[in-house]
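Thanks, everyone, for making the time this morning. I would like to walk through one model with you, going from its overall layout to the sheet and then to the helices.

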Amino acid sequence: MENYSQVSYFFLVAYFDTGIFKYLYFLLIMTLYVLVITANVFLIVLICVNRSLHEPMYLFLCSLFVNELLGSTGLFPLLLLQILTDVHTISVSHCFLQMFCLFLYACVEFASLALMSYDRYLAICFPLQYNTVLTYNKVAVLIAVSWFCSFIAIIIPTSLSAPLRLCGNIIQKVYCDNFSIVKLACSDTTVNNIYGLVGTSVAVLGPLTLIVYTYTRILKVCFSGSKQTRHKAFSTCTPHLASLLNYAFGVCFEIVQSRFNMNNVPNILRIFLSLYWLTCQPLFNPLMYGLKLSNIRILCRNVFCVKERMRSRRKGRA
């Protein structure tokens, strides 16, 4: 018989004592969280209230920004709380909730980037048919399907892991993830491992296949097209490619760290790289798209100009 007990909480042992510097870390991470919330909410509101941005690309962006809020809110509140506490524990229910939110974010992020590559493919390779192929209703359906499929892909492993009998409660990370919980199990985890392999492969290879196909076709059109076509492709695809590569880097390290022994890597570096895909991507996307896409950049400039004029009028009246 295995030795197991009813686990009511987990220890997150990747945290280390930072002494008085914990207040500095808390302030830095709180600032990052506020910036993430502010940047994403601002762009969501900007897209929603401006009819000129009610186009497929910006609607996909709006879904992406909503997802950034989901991922950052699934991580930052607990992270901030753990920094200030001396005993780094989390209840089982909160652990599973965090795990669900973070990996729903991961699936939706990749699916959204794949949909955006499909959008760029249609805009560059079939500009005349673009508005008839990607109607408002079709965009809404694609966004809904990406969220629904991601939800199903995450709810299944969460449901499989919840009833497992656990022989320990120590997680070697600063947040909860499914693979860490499965490794603590005393009971048979064959189904969990099979679904983990199949589910991860489908979640990665499906969007990746679409991204590779669309960019192959875009490159083919660019090489055979006019200078104007190449300029359009470069200006609209650059932020998407930058976002995709940034996200892929963070996720690849997280997968490697989860599956292999990384004890030779300094602890602080492991923590930073394991958090990279959850902390930098939610701020990287709104900044990248806000700065690179001219329509968003112009509207942002107009908003700030209006605010500046209002301040000047108030000062004049005073």
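Reading from the N terminus, the elements of the protein follow the order β-α-α-β-α-α-α-β-α-α-α-α-α-α, which amounts to 11 helices and three strands. Please keep in mind throughout that this is a predicted model. Taken along the principal axes, the box filled by the C-alpha atoms is roughly 70 × 60 × 35 Å, and of the 318 residues in the protein, 45% are buried. If we take the contacts between residues at least 6 apart in sequence, 81% of them join residues that are at least 24 apart.

Let me turn to the sheet. Three strands make up an open sheet with mixed pairing, and their order is β2-β1-β3. The edge positions belong to β2 and β3, each of which has a single partner strand, so that one side of each is left without a neighbour in the sheet. Helix α3, residues 92–125, packs on this sheet and touches β1, β2 and β3, while its direction makes about 90 degrees with that of β2.

Looking at the pairing in detail, β1 and β2, the latter being residues 89–91, run antiparallel and are joined by three bridges; within β2, the partner of Y9 is S91, and the partner of F11 is T89. With β3, residues 170–171, β1 pairs in the parallel sense over two bridges, and here L12 stands opposite I171. Which residues of β1 lie on its covered face, and which on the uncovered one? In this strand, residues 9–12, F10 and L12 form the covered face, whereas Y9 and F11 form the uncovered one.

Now to the helices, beginning with α1, which covers residues 22–49. At 1.5 Å a residue, its 28 residues should span 40 Å, and since the end C-alpha atoms are in fact 40 Å apart, the expectation and the model agree. The buried residues of α1 are K22, I29, Y33, V36, A39, N40, L43, I44, L46 and I47. When reading such a list, it helps to recall that an α-helix has 3.6 residues a turn, so residues three or four places apart point the same way.

For helix packing, the usual description of two packed helices is the angle between their axes together with the distance between those axes. Helix α2, residues 56–84, and α9 pack at an angle of about 135 degrees, with their axes 10 Å apart, and the two are therefore oblique to each other. On the α2 side the contact is made by L75, F76 and L79, and on the α9 side by L275, L278 and T279; by class, that gives five nonpolar residues, one polar and no charged ones.

Helix α9, residues 267–279, also meets α10, residues 281–292, where the axes come within 5 Å and cross at roughly 45 degrees, which makes α9 oblique to α10. Here Y276, W277, L278 and T279 of α9 are in contact with Q281, P282 and L283 of α10, and the classes come to five nonpolar, two polar and no charged residues.

One last position, in helix α7, residues 190–224, is V198. Is V198 buried, partly exposed or exposed? Its relative accessible area is 46%, so V198 counts as partly exposed. The C-alpha atoms of V198 and R217, which are 19 residues apart along the chain, are separated by 28 Å.

Definitions and conventions. Residues numbered from 1 in each chain as written. Predicted model: local features only at pLDDT ≥ 70, side-chain atom pairs only at ≥ 80, totals over all residues. Heavy atoms only, no water. Axes fitted to C-alpha atoms, helices over the stretch in contact; angles between N-to-C directions. Helix = DSSP H or I, 4+ residues; strand = E, 2+ residues; numbered from the N terminus. Parallel < 35°, antiparallel > 145°, perpendicular 65-115°, else oblique. Contact = heavy atoms within 4.5 Å. Nonpolar A, V, L, I, M, F, W, Y, C, P; charged D, E, K, R; others polar. Expected span 1.5 Å × (residues − 1). Buried < 20%, exposed > 50% of the residue type's maximum accessible area, 1.4 Å probe, protein only. Pairing = 2+ DSSP bridges.
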